[in-house]
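Visitor: Please give me a close look at a single part of this model. I would like to hear about the empty space inside, and about the residues around that space.

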Amino acid sequence: SVDGLWVSGNFHAVAGVPMALGRGFAAERDRDVGGSMIAVISDHYWARRFNRAPDVLGQTLVLNGHTVTIVGVTAPEFTGLQPGTSPEITLPLSIRVIDEKDFFDRRDTWTSMPILGRLKPGISETQATAAADVALQQYMAREENQWIVKRSPDAFAAARLLPASRGSRSLRQRYET
């Protein structure tokens, strides 16, 4: 049993995840079902499970009955995006679709996933928020997404971007005093 993280194909590149060995998923396609049977493991998992063997790249793991090939090991300083958690393995979303055929088509999939982005050089938070809000409003205006508006009219009224440097809302609440 390992703590894992399902991520989009550009996760490692966008998050700037440093690698100790190999690569992240920068070139993987999210909807290429089963085409990216790969994994990136954490430094901690590499040490615990593989005794830091330098030939770990290309080795395989069996997860939920599926064989995945290790293509990267994150650097020791990467302990995840959520303080207090430390995923030992990251897997592309395309693998999840093997067991959950309707994953990308389910109505609640995209509204329950956190979205991570990185500001381009020269783009302000205000500009990024405005662009994100335009994209959100276009998405919410689609007929198939009207259920979201009815269910949570205020939750998706405007896009909000939260700088990662300020931590998650729950963490701030927990430690604000």
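Guide: Start with two strands. Strand 3 (38-41) and strand 6 (89-92) each supply at least two residues of the lining of the largest cavity. Keep in mind that this is a predicted model. The count of cavities of 30 Å³ or more comes to one. The volume of the largest cavity is about 50 Å³.

Now the wall, residue by residue. Val-40, Ile-41 and Ser-42 are among the lining residues, and so are Thr-74 and Phe-78. Pro-87, Glu-88, Ile-89 and Thr-90 also line the largest cavity. By class, this lining has five nonpolar, three polar and one charged residues.

Take Thr-74 from that wall. Thr-74 sits in strand 5. The residue counts as buried because its relative accessible area is 5%, and the cut-off for buried is under 20%. Set aside neighbours within four places in sequence, and Thr-74 has two runs of contacts to follow. One run is Val-17, Pro-18, Met-19 and Ala-20. The other is Val-40, Ile-41, Ser-42 and Asp-43. Of this second run, Val-40, Ile-41 and Ser-42 also line the largest cavity.

Ile-89 leads on to another space. Ile-89 lines the largest cavity. The second largest pocket has a volume of about 200 Å³. It is lined by 13 residues, and Ile-89 is one of those closest to its centre. Trp-6, Leu-63, Asn-64 and Leu-91 are the others in that closest group.

Which elements build this pocket? Strand 1 (4-7), strand 5 (66-74), strand 6 and helix 3 (93-99) each supply at least two residues of its lining. Strand 1 gives the most, with three residues. By class, the lining of the second largest pocket has eight nonpolar, three polar and two charged residues.

So much for the pocket. To recap the strands, strand 6 contributes at least two residues to the lining of the largest cavity. Strand 6 also supplies at least two to the lining of the second largest pocket.

Definitions and conventions:
Residues numbered from 1 in each chain as written. Predicted model: local features only at pLDDT ≥ 70, side-chain atom pairs only at ≥ 80, totals over all residues. Heavy atoms only, no water. 1 Å grid on protein atoms, 1.4 Å probe; cavity = no way out; pocket = protein on both sides within 12 Å on 5 of 7 lines; lining within 4 Å. Points joined across faces, edges and corners; volume = space filled by probe spheres on them. Helix = DSSP H or I, 4+ residues; strand = E, 2+ residues; numbered from the N terminus. Nonpolar A, V, L, I, M, F, W, Y, C, P; charged D, E, K, R; others polar. Buried < 20%, exposed > 50% of the residue type's maximum accessible area, 1.4 Å probe, protein only. Contact = heavy atoms within 4.5 Å.
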